[in-house]
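Q: I am new to this structure and would like a short walk through it. Could we take it topic by topic?

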Number of protein chains: 2
Amino acid sequence: MKLILLSGGSGKRLWPLSNDSRSKQFLKMLTRSEDELESMVQRIWGQLDLNQLLDCTYISTSKTQTDIIQSQLGDQVPLIIEPQRRDTFPAIALAAAYLDSVIGVNRNEVIIVMPVDPFVENQFFNKVKELEDVIQQSGMDIALIGVTPTYASEKYGYIIPKIKNENPQKVQGYIEVAGFKEKPTGDQAEKLIAQQALWNCGVFAFRLGYMIDQLELRGLPTQYDKVLEHYERLPKISFDYEIVEKAERIVVVPYNGYWKDLGTWNTLTEEMQTNILGRGSISDDCSNTHLINELDIPVVVLATSNIVVATSPDGILVSEKSASHHVKEIVKDIEQRPMFEERRWGWYRVLDYKKATEGMDVLTKRLFLFAGHNLSYQYHHHRSEVWVVVAGEGEFVLDDQLSYVKKGDVLTIPLGAKHGIKASSDLEIIEVQTGSKLEEEDIVRLFMSWEEMKKSLESK
Amino acid sequence: MKLILLSGGSGKRLWPLSNDSRSKQFLKMLTRSEDELESMVQRIWGQLDLNQLLDCTYISTSKTQTDIIQSQLGDQVPLIIEPQRRDTFPAIALAAAYLDSVIGVNRNEVIIVMPVDPFVENQFFNKVKELEDVIQQSGMDIALIGVTPTYASEKYGYIIPKIKNENPQKVQGYIEVAGFKEKPTGDQAEKLIAQQALWNCGVFAFRLGYMIDQLELRGLPTQYDKVLEHYERLPKISFDYEIVEKAERIVVVPYNGYWKDLGTWNTLTEEMQTNILGRGSISDDCSNTHLINELDIPVVVLATSNIVVATSPDGILVSEKSASHHVKEIVKDIEQRPMFEERRWGWYRVLDYKKATEGMDVLTKRLFLFAGHNLSYQYHHHRSEVWVVVAGEGEFVLDDQLSYVKKGDVLTIPLGAKHGIKASSDLEIIEVQTGSKLEEEDIVRLFMSWEEMKKSLESK
């Protein structure tokens, strides 16, 4: 059995904390221990470990998330990287091709795909493991996990069981599926629940060969290299629509434990073990109010109940909780570069960004490099930089000249000059970029590896 | 007649916009014209101008406010500057001594003292002018303006009139005063209003000689230089308590027009002509909600009515409006250096402040110098600075060496080095301070005037 975790979604529903580079699954807002927070990804990774599932797990993700995944889970996580973000059908196609043609997994082996961020109890993973047997014993094409609904939600998809003699056809812990219903009205949801329908939580199991056959049926490539090469031509559609809803031989395994999609501020704050994260206070006469403050300045919340206040370098949200899902629609039009990003080497935060005064933009950042990590040897077409080292020390290279720098040093990097830095201890830098175009993409990387760069300098 | 405007109060009731250096009267939140905002100080200055009162007006203030007053009202405003902030009795004593011994005002001339920030109609100033005649004709010691109450407020002070034949003794537009009641309960306020009591709006008129006599009676100095010298020994008490409530011959002139103390977010937002100042949005289902955003990032307010959201580099407030006056008590314990200050030469904003990493603090600022203005020639005991010029150009002097600098230049100022800069055009600088103690007070000023500094360099 192989497990594929899908890590997708730019997720503006948790704006301003989530942005294009920091999806909701990476926000550290869940309590791991008394003084430690973890993200949804870190939480599920710990649960997979507890359930001895890590060895067979791969994460399917896009290029933009690889830095943050490695920063949160370590460098050794097996990743299957989409060249661009499309939808779940192409992502699962790529993963299947990878397992088939790169790893050489047997086509009879069961593949289980699930989202990277469900908030569940440990027993959920027993159901995940059961899916392997269910596929093998039932001979069915697809097996799902269906969550027993706790209320008539209009937000979820429902799995409708086949009914015989007024009872779902339950054989050895699984039930045949009659059909699906996405986001019903409240009335429809009530009826579905009366028919013993279950919530679709996005967990799919199938034999690897089944998925490969499906690709072939559609005239799509099945070799990993080919899938990668033609990725932009794969249909931008979900696995649910393209495969599951068209399949006929489907079963579902019911799960009646705790399951939650922490996709909105409303649902996420219900799982927080404290009302305040970050600097600030909430007055005693507030009830059911949460504050998540990622800025360095204090937030004071007075006499307002049932709201969430969330701040980050990207923006500030003040919302009545049950209305918080609307934030996605409102912020979709806000054009703003990311103001905070976690990277493989550490993180940066934009302190100040000022567009074109006299044709020259100015961007001021604080960079934090973890000890032992480096910025790749690089140059920029459109900007010069000034670095003020404000903590730590490290190796600095400017136009092939290596030097040792430490706190207090001022490094001036002219436009076009090759430069890189490696932190000997945790290193903090205030960076002032000035130029005609200040974009993260304006980087020409010469060497990612510090050692290779140094070898090349020595050979000159 | 001379008019003294008292500009005092650190005013944390409008936190986070007001702070120790930016009192509420300097916040630009009132509409002057369609696309221009003005502060309370600027509004009243305009009203005094309309009423031909500017020529006889002085502003009594403390050292910390002189920069912002000059920045908002111009360099030519006549100021009487307290060496330290005490209370209104010492401030008025200093002003009286200044008019008497520096300006040489006749002791029979009437002095009118009023706050710098009442929100009133123009006709209020007719009453202010009337006070001069009232003092001269009544022969009384003190004349006040009393505002006709519009509700039984528990926040204000009440002026109780003398009653004869069930009517206040009203002679030629003024009434004798029987006594005062500060902040009554609701019930008491109702009774006071039934007795035709009036709100005390802090406007006092008296002959200059009366105040000088009061100082002599208390064994206090009356010469300006002496008052200044012994200022810290003057009792820290309000003029109301020390003079008005002890006086016996007091009259009040009723005013039944519009008057408001914009001292809380609740009262201030009532006078704002727009619900949003700054970047952000308020959803349509909010009513009576105001957003004042001084940060560069967007604020989204969703489905919350009757609240005020105010942000500045100092912090963020989210408050139900009627509870907003409590902010003062909550933020009194927040220890934070000012993050934004308006100065004579322009303004600065703190972008980032990080305490002691390896015994060295780091403070990053954006400075804006108005064309033609300069930072005094100065040095610091505890910090070095790096300046990146990001817009404009100017003259720069470092350890007596003059040079011309422009956008893109990087200026390194070692600890102890003398330096100064004068903006030829509007000049913007990103400044990174590093040192063991980063306080605004760590400045040794050698020359305030750029021309004097240059002359001294030439003579070397």
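A: The following turns cover a sheet in chain A and then the relation between the two chains; the model is a predicted one.

Q: In what order do the five strands of the open sheet in chain A stand?
A: The order is E29-E28-E31-E26-E33 in chain A, and the pairing is antiparallel.

Q: Which strands stand at the edges?
A: In chain A these are strand E29 (401-406) and strand E33 (444-447). Each has a single partner strand, so one side of each is left without a neighbour in the sheet.

Q: What does the twist average from one strand to the next?
A: The average is 30 degrees.

Q: How many bridges join strand E28 to strand E31 in chain A?
A: Five bridges join strand E28 (residues 393-398) of chain A to strand E31 (residues 419-423) of chain A. In this pair, Gly394(A) stands opposite Ala423(A) in E31(A).

Q: Which helix packs on the sheet?
A: Helix H11 (residues 450-458) of chain A does, touching strands E26 (374-379), E28, E29, E31 and E33 of chain A. The direction of helix H11 makes about 50 degrees with that of E28(A).

Q: Changing topic: by what turn can chain A be laid on chain B?
A: A turn of 180 degrees, with a shift of 0.0 Å along the axis, lays chain A on chain B with an RMSD of 0.1 Å. The two copies are therefore related as by a two-fold rotation axis.

Q: Which residue of chain A comes closest to the rotation axis?
A: That is Leu351(A), with its C-alpha at 2.8 Å.

Q: What percentage of the contact residues of chain A recur in chain B?
A: The figure is 100%, and the same surface serves both copies.

How values were computed
Residues numbered from 1 in each chain as written. Chains lettered and ligands numbered in written order. Predicted model: local features only at pLDDT ≥ 70, side-chain atom pairs only at ≥ 80, totals over all residues. Heavy atoms only, no water. Pairing = 2+ DSSP bridges. Helix = DSSP H or I, 4+ residues; strand = E, 2+ residues; numbered from the N terminus. Axes fitted to C-alpha atoms, helices over the stretch in contact; angles between N-to-C directions. Contact = heavy atoms within 4.5 Å. Least-squares fit on C-alpha atoms with pLDDT ≥ 70 in both.
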